[in-house]
Amino acid sequence: MDYKKELSTYFQENCLLNEPMHRHTTYRAGGPAEVYVYPKSTEDWCFVLKLAQTENIPLRIIGFGSNILVGSKGIKGITCSTKRMNQTAVKGNRVTAEAGAALDKVCETAVRAGLAGMEKLSGIPGSVGGAVYMNAGAFGQETFDCLEYVEAIDFEGRPAVLLKKDLPHAYRHVEGIGNYIVLSAGFSLEKKEFAPLMEARNGVLHKRIEKQPLDFPSAGSVFKRPVGDYASRLIDEAGLRGLSIGGAKVSEKHAGFIVNFNHATPEDIKHLMEEIKRQVRQKSGIELELEQILWGEFEV
Ligand SMILES: Cc1cc2nc3c(=O)[nH]c(=O)nc-3n(C[C@H](O)[C@H](O)[C@H](O)COP(=O)(O)OP(=O)(O)OC[C@H]3O[C@@H](n4cnc5c(N)ncnc54)[C@H](O)[C@@H]3O)c2cc1C
């Protein structure tokens, strides 16, 4: 039996073939994933991992697709979504959440329980797994500030509990995390008064609405913050605010974002990324580094 049939038989309605990735990425652009599955249990993961390994098929993990750009020729192999793994629990000062839980919901849960440490991550539109993978952060707070441990599985199906100290991390970077699939995470928080926490959360959500182009599809900041500067400032200084290629544009509201303002192709977005890099390099001599992740094949 070929591997697609095996996955379809095992996962039934939780296996999609030639699934357009514009449905699963916040850029709302991207070609098809050959096979798109929704594992839930450890058994499901072991089934997929074993099949991928024996048949030598590439395998990727997607959370909410809020930091990924998929090429229009699509993704080969198996793409696994964590969306069916979304349980969250609070016990004492600890919040635990499965990888596919929405980070913002976890932040809200923590705040409602009077637990401090995640409130400034409110509004980041990713999953817990994606936040751990990226060490997502905002307003001076990072996922790893309060992360205690990660329950994971490696690509050979071996379970692991990784403590924060096992995962050296920096700004939007976690060493070695690419060897694992994050299944859940535990966050160690501090008991505080509810009202100021909710006020901090609402303040952050308000700032996002005020500063970010949330009325258009995007994947947040395109580039990492260069040391001692801001990518958006350099992009602005190079006069690129509003620059467009096809349906993709440097946001007029926040120059660090590329927005899909009119049915952009993935290639429109990618070419605009390259053009921004080129012009910023020319203008300021600074080499911007992509924060967003490119997947699959692009048209040339
Ligand atoms: C409007 C907007 C605002 C944003 N603001 C911020 C911000 O303030 N700060 C910030 O840091 N980011 C921000 N982002 C970017 C994005 O939301 C974060 O990077 C987020 O952490 C990505 O999570 P995700 O679930 O969407 O990951 P995806 O985009 O689905 O995946 C990103 C990477 O994580 C890996 N991954 C995902 N889940 C797992 C898992 N369970 N196990 C192993 N690997 C996994 C994927 O393989 C991929 O390599 C913003 C995006 C948007 C659209």
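**Exercise 1.** Is Arg208 buried, partly exposed or exposed, and how many other C-beta atoms lie within 10 Å? Then place Arg208 in the predicted model and list its contacts.

*Solution.*
Step 1. Count the surroundings: Arg208 has 16 other C-beta atoms within 10 Å.
Step 2. Apply the cut-offs: a residue is buried at 20 or more such atoms and exposed at 12 or fewer. The count of 16 lies in between, so Arg208 is partly exposed.
Step 3. Find the element: Arg208 belongs to helix H6, residues 194–211.
Step 4. List the contacts: apart from neighbours within four places in sequence, Arg208 touches Gly123 and Leu214.
Step 5. Look at Gly123 again. Along the chain, Gly123 and Arg208 are 85 residues apart, while their C-alpha atoms are separated by 7.4 Å.

**Exercise 2.** Asn18 and Asn135 each have a positive phi. State the value for Asn18 and for Asn135, then say where each residue sits and how exposed it is.

*Solution.*
Step 1. Take Asn18. Its phi is near 50 degrees, which is positive in a residue other than glycine.
Step 2. Asn18 is part of strand S1.
Step 3. Asn18 has 12 C-beta neighbours inside 10 Å, and therefore it counts as exposed.
Step 4. Take Asn135. This residue is not a glycine either, and its phi is positive at about 45 degrees.
Step 5. Asn135 lies in the loop between H4 and S9.
Step 6. Asn135 is partly exposed because 19 other C-beta atoms lie within 10 Å.

**Exercise 3.** Describe the open sheet that contains S1, S2, S5 and S3, and the helix that lies across part of it.

*Solution.*
Step 1. Write the order of the four strands: S1-S2-S5-S3, with mixed pairing.
Step 2. Identify the edges. Strand S1 (15–20) and strand S3 (59–62) each pair on one side only.
Step 3. Give the turn between neighbours: on average 35 degrees, with direction ignored.
Step 4. Examine one pair. S1 and strand S2 (residues 32–37) are antiparallel, with five bridges. Within this pair, Leu17 has Val35 of S2 as its bridge partner.
Step 5. Recall what such pairing consists of: strands of a sheet pair through backbone hydrogen bonds, either parallel or antiparallel.
Step 6. Add the helix. Helix H2 (residues 42–55) lies across S2, S3 and strand S5 (75–81), and runs at about 165 degrees to S5.

**Exercise 4.** Which strand gives the most to the largest nonpolar core? Describe the surroundings of that strand.

*Solution.*
Step 1. Start with the core. The largest nonpolar core holds 79 residues, and among those with the most contacts inside it are Leu103, Val182 and Ile269.
Step 2. Name the strand: S15 (residues 180–188) gives the most to this core, with six residues.
Step 3. Check its cover. Seven of the nine residues of S15 are buried.
Step 4. Find its partners. Strand S7 (residues 94–98) pairs with S15 in the antiparallel sense over five bridges, and Arg94 is opposite Ser188 there. Strand S11 (residues 147–154) is also antiparallel to S15, over seven bridges, with Asp154 opposite Tyr180.
Step 5. Look at Val182. Leaving aside neighbours within four places in sequence, its contacts are Ala99, Gly129, Val132, Tyr133, Val150 and Ala152.

**Exercise 5.** How many residues surround the ligand, and which helix gives the most to this shell?

*Solution.*
Step 1. The shell has 32 residues, and the closest include Gly63, Gly126 and Gly220.
Step 2. Sort them by class: 17 are nonpolar, 14 polar and one charged.
Step 3. Sort them by element. S3, helix H4 (128–134), strand S9 (137–138) and S15 each supply at least two residues.
Step 4. H4 gives the most, with five residues.

**Exercise 6.** Describe the open sheet of three strands and the helix that packs on it.

*Solution.*
Step 1. The order is S17-S18-S19, and the pairing is antiparallel.
Step 2. The edges are strand S17 (244–245) and strand S19 (258–260), each pairing on one side only.
Step 3. Strand S18 (residues 248–250) is joined to S19 by three bridges. Lys249 stands opposite Val259 in S19.
Step 4. Helix H8 (residues 266–284) packs on this sheet and touches S17, S18 and S19. The direction of H8 makes about 30 degrees with that of S18.

Terms used:
Residues are numbered from 1 along each chain as its sequence is written. This is a predicted model: local features need pLDDT of at least 70, side-chain atom pairs count only at pLDDT 80 or more; totals for chains, interfaces and linings use all residues. A nonpolar core is a set of buried Ala, Val, Leu, Ile, Met, Phe, Trp, Tyr and Cys residues joined through C-beta atoms within 7 Å. Two residues are in contact if their C-beta atoms, placed from the backbone, lie within 7 Å. Two strands pair if DSSP finds at least two bridges between them. Axes are lines fitted to C-alpha atoms, for helices over the stretch in contact, and angles run from 0 to 180 degrees between N-to-C directions. A residue is near a molecule or strand if its C-beta atom, placed from the backbone, lies within 6 Å of it. Ala, Val, Leu, Ile, Met, Phe, Trp, Tyr, Cys and Pro count as nonpolar, Asp, Glu, Lys and Arg as charged, and the others, Gly among them, as polar.
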